[in-house]
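This report describes how the secondary structure elements of one protein chain are arranged. Please keep the sequence and the model at hand while reading.

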Amino acid sequence: MKRTLDRGRKSPGRHAGSPQRPRLRHRLGVASLTIAALLLSVPTGPALADPKPSLKDLASRVEKMHTEIETLTERYNGQREKLKTAKKAAEAARKTLAASEADLTAKRAKAALLAQNAYMTGGLSRALAFTSSENPDSFLDGAATTFAIEQRQGEELNQLTKAMKAAERARAGAKSRIAEVEKIVKDLDGKRDKISKLVAKVESNLFRRALGEAGRPGTRATRVNLPIAGSGKAAQAARWALTQQLKPYVWGAEGPGSYDCSGLVMAAYQRVGISLPHYTGDQWTAGRHISRDEMRPGDLVFFYGDLHHVGIYLGGGMMVHAPRTGDVVRIASIARRPFAGAVRIAD
């Protein structure tokens, strides 16, 4: 009887005659959530595509590419300077070797004559010649002279052989050095291709448009005539560099129609009779390091930890430099880049 009463009692929250409705609602809810999750996980077109990069992101990418271009360019320039040095050393070794071989050939010819003479007059024939000689003293004098000549020629031949071996070692070392540097340059050809691709990318319509909309940093380049104090070679180099304003930046270029940063510096000082390498790393060690307070027109100013950018100081916190791909030789403030140091090349 109790069981019957319990069955007839209504459960809390249930409607009479609908004992399965809450369970059904629960199942339908779970199914709905599952379907919604599946729909959200399936790409349905442009609405779910990755968002386009912002102008700020594009501008940041361009700046990174410009830095990479200039860094790779100066590494390439440095390897070209190493190759020049190695080729000079190899040429000097080749000339030394050629002179040694020519001298050796002459000495060998003399040695051959001495050998023939020794063969024809040596041994028993020399003893017979001594016993049959009417003047033994004259014979002994001649023999002594011949022996002395043979000794001298033998020593000369010995020294020359040593010199030839040394020259051959020098040539082998020079060839090895050239092979090593040429391998580096060959490796850098890959970097050169990378530079070309980076240049093409930063000059693409996408980045041009993005930078145009975002506003390119700096002002539009215009020719500026600044009075440069001083009459020394450094001031003269700075004045000449100013005449190159508005010529385009081209990586690896050293004039006269275009320049990269170290190429402009090299050309300016070459103009006043001072030879500098086309590489910021070597230009950094080409003169005396000075403090920022000591700087005057014509001093070289370097930027970034790896010294991959250089300009020519003009005074008043300004420099003339070849900035980067897509830009031109122009005047700029040295405060816009991380300053690394200054070098005085000449007074």
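Helices (H or I, at least four residues) and strands (E, at least two) are DSSP runs, and their numbers count from the N terminus. The model is predicted: local features need pLDDT of at least 70 and side-chain atom pairs count only at pLDDT 80 or more, whereas totals for chains, interfaces and linings use all residues. Residues are numbered from 1 along each chain as its sequence is written, and side-chain values use heavy atoms, with hydrogens and water left out.

**The loop between α7 and α8**

Leucine 246 lies in the loop between α7 and α8. Its phi is near 75°, a positive value in a residue other than glycine. Accessibility is sorted into three classes: buried is under 20% relative accessible area, exposed is over 50%, and partly exposed is in between (1.4 Å probe, protein chains only). Leucine 246 has 37% relative accessibility and therefore counts as partly exposed. Proline 256 is also placed in the loop between α7 and α8. The peptide bond that leads from glycine 255 to proline 256 is cis, with omega near 0°.

**The packing of α7 on α8**

Two packed helices are described by the angle between their axes and the distance between the axes. Here axes are lines fitted to C-alpha atoms, for helices over the stretch in contact, and angles run from 0 to 180 degrees between N-to-C directions. Helix α7 (residues 233–242) packs against helix α8 (residues 261–271) at an angle of about 125°, and the axes are 8 Å apart. Angles under 35 degrees count as roughly parallel, over 145 as roughly antiparallel, 65 to 115 as roughly perpendicular and the rest as oblique. α7 and α8 are therefore oblique to each other.

Which residues meet where α7 packs on α8? Contact means heavy atoms within 4.5 Å. From α7 come Ala234, Ala237, Trp240 and Ala241, and from α8 come Ala267, Ala268, Tyr269 and Arg271. These residues divide into seven nonpolar, no polar and one charged. In this grouping Ala, Val, Leu, Ile, Met, Phe, Trp, Tyr, Cys and Pro are nonpolar, Asp, Glu, Lys and Arg are charged, and the others, Gly among them, are polar.

α8 is mostly covered, with nine of its eleven residues buried. Among them are Leu264, Val265 and Met266, as well as Ala267, Ala268 and Tyr269. Just after α8, glycine 273 has a positive phi of about 85°.

**The sheet**

Two strands pair if DSSP finds at least two bridges between them. Six strands make an open sheet with antiparallel pairing, in the order β1-β6-β2-β3-β4-β5. β1 (288–290) and β5 (330–333) stand at the edges with a single partner strand each, so one side of each has no neighbour in the sheet. On average, neighbouring strands of this sheet are turned by 40° against each other, direction ignored.

Both helices pack on the sheet. α7 touches β3 (309–315), β4 (318–321) and β5, and its direction makes about 105° with that of β3. α8 touches β2, β3 and β4, and its direction makes about 50° with that of β3. β3 is mostly covered: six of its seven residues are buried.

The table lists antiparallel pairs with one bridge of each.

| Strand pair | Number of bridges | One bridge |
|---|---|---|
| β2 and β6 | four bridges | leucine 300 with valine 343 |
| β2 and β3 | four bridges | valine 301 with glycine 311 |
| β3 and β4 | three bridges | glycine 315 with methionine 318 |
| β4 and β5 | four bridges | valine 320 with isoleucine 331 |

**The hairpins**

β2 and β3 form a hairpin with five residues between them, and tyrosine 304 in the turn has a positive phi of about 75°. Leucine 307 is placed in the loop between β2 and β3. Its phi, near 60°, is another positive value in a residue other than glycine. Is leucine 307 buried or exposed? At 14% relative accessibility, leucine 307 counts as buried. The hairpin of β3 and β4 has two residues between the strands, and glycine 316 there takes a positive phi near 65°.

**A buried glutamine in α3**

Glutamine 79 lies in helix α3 (residues 55–121). With a relative accessible area of 14%, glutamine 79 is buried. Leaving aside neighbours within four places in sequence, glutamine 79 is in contact with Val181, Ile184, Val185 and Leu188.
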